[in-house]
Amino acid sequence: MDEQYKTTVDAQAPVIEPGYTFGTVTEKISAIVLTRPASNGWFMGFGVAFMLTMMLLYAIGYLFLKGVGIWGVTIPVGWGFAIVNFVWWIGIGHAGTLISAILLLLRQSWRNSINRFAEAMTLFAVACAGIFPAIHVGRPWLAYWLFPYPSTMGVWPQFRSPLIWDVFAVSTYATISALFWFIGLIPDMATLRDRATHPIARIAYGMLSMGWRGSARHWHRYETAYLLLAGLATPLVLSVHTVVSFDFAVGIVPGWHTTIFPPYFVAGAIYSGFAMVLMLAIPIRKIYGLEDFITELHLQNAAKVMLATGLIVAYGYGIEAFMGWYSGDRYDAFTLWNRLHGPYAIPYWSLLICNIFIPQVLWIRKLRSSPVALFLVSGVILVGMWLERFIIVVVSLHRDFLTSSWGMYYPTRWDWMTYIGTIGMFLAAIFLFVRLLPMISIFEMRTLLPEAEVKGE
Amino acid sequence: MKRERMYGMMAEFDSATALVEAARRTHQAGYKKIDAYSPFPIEGLAEEIGFHHDEVPLVVLIGGIIGGCTGYLMQYWMSAVDYPLNIGGKPPHSWPAFIVITFEMTILFAGISAVFGMLALNGLPMPYHPVFNVPRFALASKDRFFLIVFSSDPKFDPAGTFDFLQGLEPRSISEVPS
């Protein structure tokens, strides 16, 4: 056995359990798509997710009929759930790009077994995120005004506004994520094409594989393109949440106007994204028997990333509070007081508990290697990160400079239906993904096997 | 064995090591029009079959430069030339505000160039290719490694090439009909 494959008690868990060959890895991953029948559990899960998606369509349909007045948004809180959910979803997407691009550049080969579905998660999360600004603009049929196109009015977008930067950042991010995911799939599509028996499956996978045949010249260009794309996606993903944070930080509202926002938003994004990766990976590896490929090592590493980014987020909260006092600005100081003691104190304290206190249990090695504990902590973090965005958006806006313009924000049932509906849409897409595409990158798994090594003469 | 009806001669190997070794010996034997197929990327294999010029980085560089210029000039022209608007007293050409979109457009164009440039240079999509006519080639996407000598190679001669490939101790040898 190779050094990295030993499984003694003290050694790290392996990236892939020993005993696999090119053939068995291929067989095991492709069988989930090609031969395994869909279980009743899958149908039930997909059915629930699909119904929630229908609820989303209903909520959006009614919104189009009535207007944003059906939501809780009003003055002074003009950015309610829509922006909270937008930031939450786009943040979740960030972990996928981190895993697929940044860890590739850092030569973290353990990423090979989780990058495919983490990228899928990114794509679906960005799709969910994209819905919110589009339906929030008030007249969604005019949402295309965001893009610079030659209109009969002769005007152009206002390029000095972070909101238009965001349009470019998010649409670039969605495009690059989709391309990255797609080129990663090409060689695996060829594997499925060659292994599928159903004629429709053969044709579908054959078209998607673009006629890939694994030529050495093709692989060379492929790897160059993949590496360059990773190099491009790395600054891109950092820029996306930075630009999202500019939407707030460039404004003068107390609680928004701070320079800590970009790094703290990016860390928070990765924090929530890894939590979502774990919430998906833990049940999936169990249900599809993939514990040999998504091993304890992956769970432990993800837990460590969460711990680290969680501490950066905690530092961000600390600096926000410190600046509230140190700046000497009475409005900033009031924002801090209002968070701790104002009408939204319960969400703020819950946020501190979910994002800072509970995740500290990840210091304990035993809990880091327990799938159940990790699943629960990840759920807590996702709730916490949602609350963080709620605090930033709502609590900052509801009491700003003038007491005469203070107000309260209460989400309506339409807000909740839209939010929960996007979770349903996200899950429905994940359910379809695990049945239709190889959820682990087969060709990258092959490179992890000891037999992939070329021995010198 | 009619030469003009044949696309090439293909040998099948069991391991990446065997394929790299076979590719090196074939190339050294003077065969230049050859190709190797593997189920995953093998470092150094492309060099063994004489592939040295990867144009993908150049394509990406050009794409990125075009994207960046497009992004900046678009904003400049729209905000300062075609319809200058006074917003908060900022100058029409407020370049610091234009950096973000310039950056995003650079990444967007470079990324699109990387993917479509790679596909175009590889001649993909190409749903049909003569190598697919070899039934065992389906294993090239699973766990087997293949080496082909194209019939267009000047040194190619059905019997001689067969004997040469036989000397590489492959698992099997197939003719690839065109």
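## Reading a two-chain model

In this predicted model, the centres of domain 1 and domain 2 of chain B, taken over C-alpha atoms, are 45 Å apart.

Me: Where do those two domains of chain B lie in the sequence?

Reply: Domain 1 takes in 3-53 + 136-177, and domain 2 covers 56-121.

Me: And chain A: how many helices and strands should I look for?

Reply: Chain A has 15 helices and 0 strands. Its radius of gyration is 23 Å, close to the 23 Å that the globule rule gives for 457 residues, so chain A is as compact as a globular protein of that length. If you want a box, the C-alpha atoms fill roughly 80 × 60 × 45 Å along the principal axes.

Me: What share of the contacts in chain A links residues 24 or more positions apart?

Reply: Counting contacts with a separation of 6 or more, that share is 81%. As for burial, 46% of the 457 residues of chain A count as buried.

Me: How do I read a nonpolar core, and which residues touch the most other members in the largest one?

Reply: The general idea first: in soluble globular proteins, nonpolar side chains tend to be buried together. Here the largest nonpolar core has 171 residues, and those touching the most other members are A:Phe274, A:Val277, B:Leu19, B:Phe146 and B:Leu147. Domain 1 and domain 2 of chain B each give this core at least three residues. There's also a second, separate core of 7 residues, with A:Leu185, A:Ala190, A:Leu192 and A:Trp212 among them.

Me: Let's zoom in on A:Val277. What does A:Val277 touch, leaving out residues up to four places away in sequence?

Reply: A:Ala95, A:Ile114, A:Ala118, A:Met121 and A:Ala302.

Me: Now a strand. Which residues sit on each face of E2 (residues 34-37) of chain B?

Reply: To read a strand, check one side and then the other. B:Ile34 and B:Ala36 are on one side, B:Asp35 and B:Tyr37 on the other, and all are buried, so to speak covering both faces. E2(B) runs antiparallel to strand E3 (residues 145-150) of chain B, with 4 bridges joining them. Across that pairing, B:Asp35 stands opposite B:Ile148.

Me: Last one, the interface. How many residues of each chain are in contact?

Reply: Count each side separately: 58 residues of chain B meet 54 of chain A. On the chain B side, the elements giving two or more residues are H1 (16-28), E2, H2 (45-48), H3 (56-82) and H4 (95-121). H4(B) gives the most, with 16 residues. By class, this side has 40 nonpolar, 10 polar and 8 charged residues.

Note on methods: Residues numbered from 1 in each chain as written. Chains lettered and ligands numbered in written order. Predicted model: local features only at pLDDT ≥ 70, side-chain atom pairs only at ≥ 80, totals over all residues. Rg over C-alpha atoms; globule rule 2.2 N^0.38 Å. Buried ≥ 20, exposed ≤ 12 C-beta atoms within 10 Å, placed from the backbone. Contact = placed C-beta atoms within 7 Å. Core = buried A, V, L, I, M, F, W, Y, C linked by C-beta atoms within 7 Å. Domains from an automatic or database assignment. Pairing = 2+ DSSP bridges. Nonpolar A, V, L, I, M, F, W, Y, C, P; charged D, E, K, R; others polar.
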